[in-house]
Amino acid sequence: MDLVVTDARLRDGRVVDLTVDAGRLRVLPRGTALHTPAANGTPAAPAANGAPAANAAPAANGAPAANGAPAANGADGVPGASGAVRVIAAEGRLVTESAVDCHLHLDKVHTLDRVGDGALSAYTADGMAGAMTSIELASAVKKNYRREDALPHIRRALTEAVRHGTLHIQAFVDVDTAAGLEGFAAVSAAKAEFADILNVEIVAFPQDGVLRDPGAAELCEEALRLGADVVGGIPWIEHTDTDARRHVEWACALAARTGKRVAMLTDDAGDPNLRTTEMLASAMLVHGLEGRGVACHARALALYPQPSLLRLAGLARRAGLGFVSDPQTGPLHLPVALFRELNLPVALGQDDIEDAYYPFGRANLWEVAFLAAHLLEFRTAKAQQVLLDLVTTDAARVLGVRDHRIADGAPANFVVHDAERIVDVLRRHAAPRWVVARGRVVAETTITSAIM
């Protein structure tokens with residue numbers, strides 16, 4: 001046994017004990033975990049429960065802490081070879097699965113100061129009519145892109161992700177003739193540094209198009225050879241529907257040939273005539289990619305008439321296409337409630353962190369869920385449960401992450417919030433009190449205040 005959490009409150013209101021052994025969870029009746037023999041045959045020894053980690057930084061095996069210094073293994077009071085077992089007294093705090101971010105442009109984080117507000121204004125103004133112009137404006141900065149400049153920003157974002165309990169990330173990385181493989185190299189290096197804590201899946205993403213940007217396809221294929229995990233795409237950026245279809249066909253054929261998943265930004269503009277989500281679902285069926293595709297944004301669906309939405313939903317269900325909505329980064333969003341009712345996999349994503357398209361963000365999916373409560377009008381107690389699903393279990397379903405739940409035998413990736421109620425988790429959207437990744441406490445946050 002490696003870890004015990006006593007008096008943990010589950011989302012259904014039950015208070016239980018949790019134990020972790022070899023990275024796997026076990027759910028026990030309240031008050032029984034400390035009477036379970038530890039793996040070495042000795043009772044579990046409580047560790048000091050209240051000493052916060054320095055700067056509330058992730059205690060990763062070699063991963064950078066908040067102050068830039070590697071955190072030593074065994075920090076946060078986790079015993080090393082002594083055989084003692086750490087005990088966390090949750091004291092009725094809510095325990096949930098860790099957050100899953102299905103859509104983050106990780107190579108661009110904290111770059112807004114290099115781009116200015118032009119692209120941001122074009123992306124969000126006039127019902128997103130200028131979304132294509134926005135991407136063209138933002139592309140200019142990539143000509144001077146250098147991996148050594150990007151890496152500190154990426155580390156900062158991943159450190160915040162761990163602190164906020166986001167332990168799975170699908171990271172889109174621009175791979176095109178403007179950026180080359182610079183962003184990919186930086187994200188790959190950070191992924192290796194955080195590998196003991198985080199699961200980062202890199203999407204080779206031709207942001208400027210494939211037909212519009214000759215050479216981008218070859219660079220994406222090179223990124224896959226170098227270790228990218230997912231084939232990316234953005235077909236609506238092409239100049240014609242014919243080229244958009246060719247873009248989708250290229251990506252899906254490549255994914256099928258290499259055994260990868262495919263993830264695309266589809267219909268990300270205020271134009272109800274855009275149909276690249278439909279193109280993606282159709283191509284997945286042709287290439288045998290059922291259950292291996294994700295459509296991010298699909299904002300134009302907000303403008304579809306109901307019959308068109310229902311037709312698309314039926315096609316998406318056949319293809320096993322998952323959806324990611326980022327309502328906080330643009331004025332349109334896909335119909336999340338309807339798609340959930342139709343049993344389609346749907347998640348919320350961070351999308352951007354202080355880049356050309358969004359000036360805020362901190363890899364905090366509890367904050368994303370809080371914002372979505374207003375933007376999607378998910379305010380009832382039942383809807384609050386759904387919001388947590390959209391950044392945890394439902395998001396895991398979109399990415400194909402198995403057994404992401406608080407249950408016997410599941411991987412021990414969970415957080416202990418500093419709140420007892422879901423409404424308070426959303427209201428405060430604070431970093432959890434404790435974050436557990438792969439059975440190990442990797443981040444710990446305390447907040448103190450005094451009124452003088």
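This report walks through a parallel sheet, a helix pair beside it and the internal cavities of a predicted model.

## The sheet

Let's start with the strands. Eight of them, 8 strands in the order E6-E7-E8-E9-E10-E11-E12-E13, make up an open sheet with parallel pairing. The edges belong to E6 (99-104) and E13 (346-348); each has a single partner strand, so one side of each has no neighbour in the sheet. Going from one strand to the next, the twist averages 25°.

Zooming in on one pair, E10 (residues 261-266) and E11 (residues 293-297) run parallel and are joined over 5 bridges. If you want a spot to click on, try Ala 263, whose bridge partner in E11 is Val 294.

## Helices H7 and H8

Helix H8 ties this part of the picture together. It lies across E10, E11 and strand E12 (321-325), and runs at about 165° to E10.

H8 (residues 276-286) also packs with another helix: its axis and that of H7 (residues 241-258) come within 9 Å and cross at roughly 35°. The crossing is right-handed. On the H7 side, the contact is made by Asp 241, Ala 244, Arg 245, Val 248 and Cys 252, while H8 brings Thr 276, Met 279, Leu 280, Ala 283 and Met 284. Sorted by class, that contact has 7 nonpolar, 1 polar and 2 charged residues.

## The largest cavity

Now for the empty space. Searching the whole structure turns up 4 cavities of 30 Å³ or more. The largest has a volume of about 140 Å³, and 15 residues line it. Nearest its centre are Lys 108, Thr 111, Ala 138, Val 141 and Lys 142.

Which helix gives the largest share of that lining? It is H3, with 3 residues. Helix H1 (112-115) and helix H3 (131-139) each supply at least two lining residues. The class breakdown for the largest cavity is 7 nonpolar, 3 polar and 5 charged residues.

## The second largest cavity

The runner-up has a volume of about 80 Å³. Its lining is made of His 105, Lys 108, Tyr 123, Ile 135, Gln 207, Ile 234, Leu 265, Asp 268, His 297, Asp 351, Asp 352 and Tyr 357. By class, these split into 5 nonpolar, 3 polar and 4 charged.

A few of those names link back to earlier sections. Lys 108 lines this cavity and is also among the residues nearest the centre of the largest one. Leu 265 and His 297 are in the lining too, and the sheet strands E10 (residues 261-266) and E11 (residues 293-297) cover those positions.

Methods: Residues numbered from 1 in each chain as written. Predicted model: local features only at pLDDT ≥ 70, side-chain atom pairs only at ≥ 80, totals over all residues. Heavy atoms only, no water. Axes fitted to C-alpha atoms, helices over the stretch in contact; angles between N-to-C directions. Helix = DSSP H or I, 4+ residues; strand = E, 2+ residues; numbered from the N terminus. Left-handed = near helix turned anticlockwise from the far one by under 90°. Contact = heavy atoms within 4.5 Å. Nonpolar A, V, L, I, M, F, W, Y, C, P; charged D, E, K, R; others polar. Pairing = 2+ DSSP bridges. 1 Å grid on protein atoms, 1.4 Å probe; cavity = no way out; pocket = protein on both sides within 12 Å on 5 of 7 lines; lining within 4 Å. Points joined across faces, edges and corners; volume = space filled by probe spheres on them.
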